[in-house]
Amino acid sequence: MEIITDIAQMQQLCLTSRQQGLRIAFVPTMGYLHEGHLSLLRAARATGDILVLSIFVNPAQFGAGEDFDSYPRDLSRDAELARASGTNWLFAPPVGAMYPQGYGTWVNVEGITSTLCGASRPGHFQGVTTVVCKLINIVQPHVAFFGRKDFQQLAVIRRMSTDLNLPVEVRGLPIVREADGLAMSSRNVNLSPAQRQQALALYAAIRAASSMVRGGERDSLRVIQAVRKRIEQEPEAAIDYVQICHEQTLADCDVVHRHAVLLLAVRIGATRLIDNHHLGEEIPES
Ligand SMILES: Nc1ncnc2c1ncn2[C@@H]1O[C@H](COP(=O)(O)OP(=O)(O)OP(=O)(O)O)[C@@H](O)[C@H]1O
Ligand SMILES: CC(C)(CO)[C@@H](O)C(=O)[O-]
Ligand code: BAL
């Protein structure tokens with residue numbers, strides 16, 4: 001495995017591979033790798049001839065006062081994990097090369113970015129779509145892998161890819177959880193032991209919502225109230241949002257139906273966690 005920091009070199013290597021008829025599979029991340037990232041790398045390894053992993057903590061997707069500075073970073077540990085996962089090229093460009101002096105182009109997806117994380121983190125998705133578009137232009141992958149933990153991000157990237165006719169297949173993979181149910185996230189490392197315990201409320205609330213729907217509840221408001229109540233039991237929990245949305249449009253659903261997804265963003269102390277569950281799965285086919 002080679003670590004590439006130069007954008008032009010990365011682009012040239014990928015262009016040459018494409019010209020040789022090799023299939024490029026790409027996993028974009030912000031690093032501090034965990035089993036969720038490794039599941040993407042495994043799927044990508046099985047799909048492509050060349051596996052490219054990017055690690056770039058993208059300042060453009062962090063708002064003022066957000067955790068850009070405290071976002072966990074460990075490139076040498078990540079490089080070991082990437083190597084063991086069969087990565088060919090680890091692309092880690094410097095911030096100044098991605099956003100040089102005079103940088104002035106932004107990619108903005110409208111509509112589905114106005115809700116959920118788009119509403120609670122203004123500007124966040126403009127940063128995400130801009131950097132993902134740039135990374136795709138550099139790496140020129142045939143296929144790119146994203147996790148469904150960032151459910152709205154995946155929907156926004158699919159929208160961008162369709163709208164801008166990007167020549168890449170976007171694949172979404174399931175959420176990987178810790179043994180006790182907490183969705184894996186690089187930010188989990190910033191939780192104190194007491195906060196780590198409180199963070200289990202997200203999955204407990206998801207399970208409670210699932211069992212309500214399995215039991216026949218179809219009123220979104222009642223499910224949302226139950227989720228909020230469970231999370232609010234935790235002393236350091238502050239809810240950003242709890243919503244039930246259509247899996248494609250992300251419009252709020254009054255009724256839980258087969259396309260309904262429960263999405264949550266909750267701060268535990270200073271750490272913001274997201275999670276989601278496809279509630280529609282709990283409804284039997286009629
Ligand atoms: N638990 C998980 N299961 C599946 N995919 C995941 C999981 N966590 C992250 N991913 C995916 O990995 C990719 C890179 O995400 P990122 O580097 O932001 O990691 P992260 O753990 O989500 O970090 P954080 O939530 O702290 O920003 C994204 O496509 C994301 O959806
Ligand atoms: C897609 C991404 C790598 C863009 O910075 C980031 O938002 C992430 O890690 O989910
Ligand atoms: N996984 C999404 C990156 C972020 O929270 O900024």
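Where is histidine 37 placed? Keep that one in mind while we sort out the ground rules. The model is predicted, so to speak a forecast of the fold: local features need pLDDT of at least 70, side-chain atom pairs count only at pLDDT 80 or more, and totals for chains, interfaces and linings use all residues. Residues are numbered from 1 along each chain as its sequence is written, while chains are lettered from A and ligands numbered from 1 in the order in which they are written.

**Exercise 1. Place histidine 37 and decide whether it is buried or exposed.**

Step 1: Histidine 37 sits in helix α2, residues 35–47. Helices here are DSSP runs of H or I with at least four residues, strands are runs of E with at least two, and both are numbered from the N terminus.

Step 2: Now the burial rule. With C-beta atoms placed from the backbone, a residue is buried if 20 or more other C-beta atoms lie within 10 Å of its own, exposed if 12 or fewer, and partly exposed in between.

Step 3: Histidine 37 has 25 other C-beta atoms within 10 Å, so it is buried.

Step 4: Check the record. UniProt lists His37 under "active site" in an unreviewed entry; such annotations may be inferred rather than shown by experiment, and the positions are given in the numbering used here, with feature names shortened.

**Exercise 2. Work out the sheet that holds β2.**

Step 1: Six strands line up as β1-β4-β3-β2-β5-β6 in an open sheet with parallel pairing. Two strands pair if DSSP finds at least two bridges between them.

Step 2: Look at the edges. β1 (2–4) and β6 (169–173) each have a single partner strand, so one side of each has no neighbour in the sheet.

Step 3: Zoom in on one pair. β2 and β3 (residues 50–55) run parallel and are joined by six bridges, with valine 27 opposite leucine 53 in β3.

Step 4: Add the helix from Exercise 1. α2 lies across β2, β3, β5 (143–147) and β6, at about 170 degrees to β2. Angles run from 0 to 180 degrees between N-to-C directions, and axes are lines fitted to C-alpha atoms, for helices over the stretch in contact. Contact means that the C-beta atoms of two residues, placed from the backbone, lie within 7 Å.

**Exercise 3. Do likewise for the sheet of β7, β8 and β9.**

Step 1: This open sheet has three strands in the order β7-β8-β9, with antiparallel pairing.

Step 2: Nine bridges link β7 to β8 (residues 260–268); isoleucine 239 faces valine 266 in β8, and cysteine 245 is opposite valine 261.

Step 3: On to the next pair. β8 and β9 are antiparallel over seven bridges, and they form a hairpin with two residues between them. In that turn, glycine 269 has a positive phi of about 60 degrees.

Step 4: How enclosed is β8? Eight of its nine residues are buried, so the rest of the structure largely encloses β8.

**Exercise 4. List what surrounds ligand 3, then sort it by class.**

Step 1: Met30, Gln61, Asp150 and Gln153 are around ligand 3. A residue counts as near if its C-beta atom, placed from the backbone, lies within 6 Å of the molecule or strand.

Step 2: The classes come out as one nonpolar, two polar and one charged. Ala, Val, Leu, Ile, Met, Phe, Trp, Tyr, Cys and Pro count as nonpolar, Asp, Glu, Lys and Arg as charged, and the others, Gly among them, as polar.
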